[in-house]
Amino acid sequence: MKQTASFTCTVCGAAYRKWAGKCDACGGWNTIAEEAPLSTGPKSLGAKGRPIPLSDLATEEAAPPRASSGIDELDRVLGGGLVPASAILVGGDPGIGKSTLLLQAAASFARKGLKCLYISGEEASAQVRMRAQRLGLTDAAVQLGAETNLRDILTTLDAERPALAVIDSIQTMWLDSIEAAPGSVSQVRASAHELVTFAKRRGVAIILVGHVTKDGQIAGPRVVEHMVDTVLYFEGERGHQFRILRAVKNRFGPADEIGVFEMTGGGLAEVPNPSALFLANRDQPAPGSAVFSGIEGTRPVLTEIQALVAPSTLASPRRTVVGLDSGRVSTILAVLEARCGIPFAGLDVFLNVAGGFRVSEPAADLAVAGALLSAREDVAIPPDMVLFGEISLSGALRPVGQTENRLKEASKLGFSQATVPSHSKIEGAAGLMVRQMPDLTTFVGEMFGAG
Ligand SMILES: [Zn+2]
């Protein structure tokens, strides 16, 4: 049987019939490479397979027993702890601290009595040991290995049968049965497939580390996302101290959950109250600042949205947006102009979330509009006020989910007033003075005079 060639984007995993210079799925240039197909399926259709055991829908499955690491921020993102025989992918930019986090996690699980193996394909065991010394983890019974040959690794894992094995990183692993370089889509996928299958068969939890790649030389973690149970991304700006572990997929718990860590000399420290961290260095009440009460996963997080609006000398003024969806910001600017008659033409607009945090909820619309108007009108929003609410294209304000949790968190942090859309459920306002606004025009009038 003749095999047809297949082409895959090394960054996002999109499949193509033929080669192209640009990936339509992610917009990357020169990221598409030819790959050998992973499996050609059953060799002959005549051969008989074995019948598989079937069960009915009423059969009750007990909830999976979970192992706690004792690191609350990690356990929460995992959905309540580590599930045996599960496969977890931890992606992130190179150098962001993935190895540090996972070495600390392995040490914590080991201290709780789990047998843990840490296989590094990137560093020698001595280097990993040095990191462990720096982090004060040498007392934990984690076994180290430095290897990239997956056949040897699987043989070792089968003999050792640990409860948890960390593979750092999946891009360095290679199978001798695949004719492709380590880091290619075929090798990364085949290696991940072998490890995930091993995890399920032998009851070993496996954590795969995957470096996010920008160019097309090495396959990124997205090409194996569909194979694993849980996908976590470790995010953060290099210039900032804190790191976010975010669940984007979890078969054993809620997605969108986040864990917040702070990079310290002794490794990553938990941040149990992220709102306090993000608002810690707030300046005196100044125009252009608005505090947004957001929800990340199951937890409320308060962040400060900062705007700067200045006359522009450019034909098409700047729109610099960091930490927010720029399309969403453009929509809010258009609604302000069309529905409230407040133009931003001829003005440069800079918007960011303080501390380098990323906000993706539409509930942030009202705080973004508040920061923009406050900067443009040079009027400060009261420093003890939080804002949240979605803005529709008509200029109406829409209530958002978990209003009570948002208000409760604001109250806990000492805020005394809130501006929210009309018809929000504010029964548990927790002692806050809550102002309800039907639309953006009313908001502009009440907060900044008649616009
Ligand atoms: Zn792509």
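Me: Why is the crossing of α7 and α8 called right-handed?
Reply: α7 passes α8 in a right-handed crossing; the term applies if the near helix is turned clockwise from the far one by less than a right angle, and anticlockwise would make the crossing left-handed. The model is predicted, so that local features need pLDDT of at least 70 and side-chain atom pairs count only at pLDDT 80 or more, while totals for chains, interfaces and linings use all residues. Residues are numbered from 1 along each chain as its sequence is written, and side-chain values use heavy atoms, without hydrogens or water.

Me: What makes α7 and α8 oblique to each other?
Reply: The axes of α7 (residues 326-340) and α8 (residues 365-377) come within 10 Å and cross at roughly 60 degrees. Such an angle is not under 35 (roughly parallel), over 145 (roughly antiparallel) or from 65 to 115 (roughly perpendicular), and the rest count as oblique. α7 and α8 are therefore oblique. The axes are lines fitted to C-alpha atoms over the stretch in contact, with angles from 0 to 180 degrees between N-to-C directions.

Me: Which residues of α7 and α8 meet, and how do they divide by class?
Reply: R328, V329, I332, L333 and L336 of α7 meet D365, V368, A369, L372 and L373 of α8, where contact means heavy atoms within 4.5 Å. The classes comprise 8 nonpolar, no polar and 2 charged residues. Asp, Glu, Lys and Arg count as charged, Ala, Val, Leu, Ile, Met, Phe, Trp, Tyr, Cys and Pro as nonpolar, and the others, Gly among them, as polar; R328 and D365 are therefore the charged pair.

Me: How is α2 oriented to α3, and what makes this so?
Reply: The axes of α2 and α3 (residues 125-134) come within 11 Å and cross at roughly 75 degrees. That value makes α2 roughly perpendicular to α3. In this contact S99, T100 and L103 of α2 meet V128, R131 and A132 of α3, a set of 3 nonpolar, 2 polar and 1 charged residues.

Me: What lines the largest cavity?
Reply: The structure holds 2 cavities of 30 Å³ or more, and the largest has a volume of about 40 Å³. A cavity is a set of points on a 1 Å grid where a 1.4 Å probe fits but cannot get out, and lining residues have an atom within 4 Å of a point. The lining consists of L74, L78, I88, V90, L102, A105, I207, L232 and L245. β4 (87-92) and α2 (98-111) are the elements that give two or more residues to this lining. By class there are 9 nonpolar, no polar and no charged residues.

Me: Which residues line the second largest cavity, and of what class are they?
Reply: This cavity, of about 30 Å³, is lined by L78, G81, L82, V83, S86, I88, T230 and F252. The lining has 5 nonpolar, 3 polar and no charged residues.

Me: Where does S169 lie, and what kind of peptide bond joins it to D168?
Reply: S169 lies in the loop between β7 (164-168) and α5 (185-202). The bond between D168 and S169 is cis, with omega about 5 degrees.

Me: What is phi of N30, and where is N30 found?
Reply: Phi of N30 is near 60 degrees, a positive value in a residue other than glycine. N30 is found in the loop between β2 (15-16) and β3 (32-35).

Terms used:
Helices (H or I, at least four residues) and strands (E, at least two) are DSSP runs, numbered from the N terminus. On a 1 Å grid over the protein atoms alone, a cavity is a set of points where a 1.4 Å probe fits but cannot get out, and a pocket is an open set with protein on both sides within 12 Å along at least five of seven lines; lining residues have an atom within 4 Å of a point. Grid points are joined across faces, edges and corners, and a volume is the space filled by probe spheres set on the points.
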